[in-house]
Amino acid sequence: MKKQKVIVGLSGGVDSSVAAAILLEQGYEVEGLFMRNWDSNLNNDILGNNLNTSICPQEQDFLDAQNVANKLKIKLHRVDFIKEYWDYVFDYFVTEYKKGRTPNPDILCNKYIKFNKFLNYCIDQLGADFIAMGHYAGVNYNNEQKYYELLKGFDENKDQSYFLCQLNQKQLSKTIFPLHKFKKDEIRKIAKKYNLITADKKDSTGICFIGERNFTEFLQNYIPNKPGDIIDIKTGKKIGTHIGVMYYTIGQRKGLNLGGQKEPYYVALKDVDKKIIYVSPLSDTKYLESKKCIVSNFNFILDYKKIFNSEKFNCKAKFRYRQKDINVSVIVLEKDKIEIIYNEPVRAVTEGQEAVLYLNNICIGGGTIEQVKI
C-alpha cells in the first residue's frame, strides 16, 4: 500500500519538530511546510517592535525548521499567507480593539489560516492526504455517531483545544495531532533523542505569527491615541488619565500608572464613546464578577441536538485559555447564538474573547462573547 502523505506545519519550534518525527515513526510519508504570515515592513510594524537581533525572528524560525527537516531527512516547503492573514485575522483583530473589545487572534488564525489556507494548499498543491500540527489536542472519529471529535490534549497545562474551537468537521477529518497523548517534558526528550536543534528552544509567545511586542505601542501602529479619564467607579472621582480605552482589558492591573493610591486598582468597565476607563480598588472585585453571557458566532463542532436532544443543556466552559472548566447551563437562542449561565459567579469574562464549551474531554465548540451580564 502507498504511504499516506502528511504535511506538517513546521514552525521552527520544538512541538512541530517532534510532531514530524512521531509521524515518521508511525510510517507516514512526511513533508514540512513553513508559513510566513507577517511582514513587519509591509504591515507598518514599527512601534513596539523592539527587535535587537541580527536576524529577523521569523527567518531564524525558518532556518531552525530547515535544520530539523534536514535532520529528519524530509522535504521542507515554504509559503506566504501575508495578505490572507491581514484580511482574515489582523483586520478583525484591529476592528475589535477599536470597539474596546478583546479578540483572540490565535483562534482566528487557526480557523482561517492554518486549517483553511494552509490545509487547502497542502491538499491542492502538495498532494497531501492529511495535515498535522504541533498542537496539544486530538481528533477522534466517533463510529457510533458518525462525526469527528476534537479532544483535549493529555497535558492539561498545554491543552490547546480552546484555540481550535472554530474548526469544522471537514477540517478535523483532514488533521492529525501527533502530540495528543504527550506531555511537554516528553516532547523535549524526544527532540533530544533525535538531536533536533529545537530541543531546548524557548516556546514562542506573543501574537500569533507576529511574536513578542510591547503590546500597547504595537497597537498604536494601527489605532490612534484617544486620551481620556480614569475614574474610580465607586466614588466617581477622576484619579488619572489614559492614552486610549482600547489599549486596556477588563481586569487589567498593570500599566494604569495610578500613583499615590492606597492600594492597586483594576479595570472594571470601559466606555469607548466617552473615552472613560472605570477602575476599582483590588479589595473590591465585585465589578469583575458576572453570572451569564451572550455568545455569538458560535461554532458547534458537534450536533448538540444529537448529544443532548434539547435546546437547553448542561456542560462545562472556559472563558479564557488555561482557565479551569466551569459548570454551566446553556440555552441555544439561535443557530449560532447561545446564552451561558454559570453555576456560580465568574470573574473577568470579557467581551470579544472566546467562550468554549466542553463535554468531559470533548470540545463542543466556541463563539465570541458578545455581552456580559451581571
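This report walks through a predicted model, from its annotated binding site to its sheet and its domains.

## The annotated binding site

Let's start with what the record offers. In an unreviewed entry, UniProt lists a "binding site" made up of Gly9, Leu10, Ser11, Gly12, Gly13, Val14, Asp15, Ser16, Met35 and Gly134. Two of these residues, Gly12 and Gly13, are worth a look side by side.

Gly12 sits in the loop that links strand S1 (5-9) to helix H1 (14-25), and Gly13 is placed in the loop between S1 and H1 as well. Are the two glycines buried or exposed? Gly12 has a relative accessibility of 2%, so it counts as buried. Gly13, with a relative accessible area of 21%, is partly exposed; the cut-off for buried is under 20%.

Which residues further along the sequence does Gly12 touch? Leaving aside residues up to four places away in sequence, Gly12 is in contact with Asp61, Asp64, Ala65, Thr198 and Lys201.

## The parallel sheet

Strand S1, which precedes the glycine loop, also belongs to an open sheet of five strands. Their order is S3-S2-S1-S4-S7, and the pairing is parallel. At the edges stand strand S3 (76-80) and strand S7 (175-176); each has a single partner strand, so one side of each has no neighbour in the sheet.

If you would like to follow one pairing in the structure, try S2 and S3. Strand S2 (residues 29-36) runs parallel to S3 and is joined to it by five bridges. One residue pair to look for is Gly32 and its bridge partner in S3, Leu76.

## Domains and the contact between two of them

The domain assignment divides the protein into domain 1 (5-134 + 178-215), domain 2 (224-281) and domain 3 (289-373). Domain 1 is thus written as two segments of the chain.

How do domain 1 and domain 2 meet? Their C-alpha centres are 36 Å apart. On the domain 1 side, five residues make contact with four residues of domain 2. Together the two domains bury about 420 Å², of which 60% is on carbon and sulfur atoms. Within the area that domain 1 buries against domain 2, Tyr97, Lys98 and Gly100 supply 70%, more than any other three residues. The number of salt bridges between domain 1 and domain 2 is zero.

Conventions: Residues are numbered from 1 along each chain as its sequence is written. This is a predicted model: local features need pLDDT of at least 70, side-chain atom pairs count only at pLDDT 80 or more; totals for chains, interfaces and linings use all residues. Side-chain values use heavy atoms; hydrogens and water are left out. UniProt positions are given in the numbering used here, feature names are shortened, and annotations may be inferred rather than shown by experiment. Helices (H or I, at least four residues) and strands (E, at least two) are DSSP runs, numbered from the N terminus. Buried means under 20% relative accessible area, exposed over 50%, partly exposed in between (1.4 Å probe, protein chains only). Contact means heavy atoms within 4.5 Å. Two strands pair if DSSP finds at least two bridges between them. Domain bounds come from an automatic or database domain assignment. Buried area is the accessible area (1.4 Å probe) that two parts lose on being put together, summed over both. A salt bridge is a side-chain nitrogen of Lys or Arg within 4 Å of a carboxyl oxygen of Asp or Glu.
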